[in-house]
Amino acid sequence: VFLSDLPGLQCVQYIQGLQREAQQALNEHVRLIHRGDQARFAKLNVVLSLLRSINANVIAELFFRPIIGTVNMDDMLLEMLCAKL
């Protein structure tokens with residue numbers, strides 16, 4: 001959960017719902033695909049939490065700049081979230 005890192009965040013309940021849905025979908029996928037690996041979901045959560053330490057600008061540079069040019073991740077995420085409301 002990243003909500004505590006973002007003071008002044010809008011749409012908190014909506015974002016919490018999205019987080020729960022994503023966790024449930026990941027858990028279901030792991031249970032279906034990796035039936036024998038009970039600890040896999042926990043391991044994935046640890047790795048995913050480590051990804052939070054990567055600077056958003058680095059992610060934007062690696063994944064989005066080649067496709068859509070220079071972007072601000074905060075603006076892009078806000079745009080995506082507000083578009084679904």
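**A predicted four-helix protein**

The mean pLDDT of this predicted protein (pLDDT being the predictor's confidence in each residue, from 0 to 100) is 81, and 89% of its residues reach 70 or more. In this predicted model, local features need pLDDT of at least 70 and side-chain atom pairs count only at pLDDT 80 or more, whereas totals for chains, interfaces and linings use all residues. Residues are numbered from 1 along each chain as its sequence is written, and side-chain values use heavy atoms, with hydrogens and water left out.

Reader: Which element of the protein has the highest mean pLDDT?
Author: Helices (H or I, at least four residues) and strands (E, at least two) are DSSP runs, numbered from the N terminus. The protein has four helices and zero strands. The lowest mean pLDDT, 77, belongs to helix α4 (residues 73-83), and the highest, 89, to helix α1 (residues 12-33).

Reader: Which elements give two or more residues to the nonpolar patch?
Author: Patches are made of residues with over 30% relative accessible area and no salt bridge (a side-chain nitrogen of Lys or Arg within 4 Å of a carboxyl oxygen of Asp or Glu); like charges are joined within 9 Å, nonpolar side chains (Val, Leu, Ile, Met, Phe, Trp, Tyr) within 5 Å. Val47, Leu48, Leu51, Ile54, Val58, Leu62 and Phe63 form this surface patch, with about 630 Å² of accessible area together (Shrake-Rupley method, 1.4 Å probe; for residues, only the protein chains shown count as cover). Two or more residues each come from α2 (40-51) and α3 (56-68).

Reader: Is Leu62 buried or exposed?
Author: Leu62 is found in helix α3. Buried means under 20% relative accessible area, exposed over 50%, and partly exposed in between (1.4 Å probe, protein chains only). Because its relative accessible area is 56%, Leu62 is exposed.

Reader: How many Å apart in space are Ala56 and Met73?
Author: Ala56 lies in helix α3 and is partly exposed, with a relative accessible area of 33%. Ala56 and Met73 are 17 residues apart in sequence; C-alpha to C-alpha, their separation in space is 6.2 Å.
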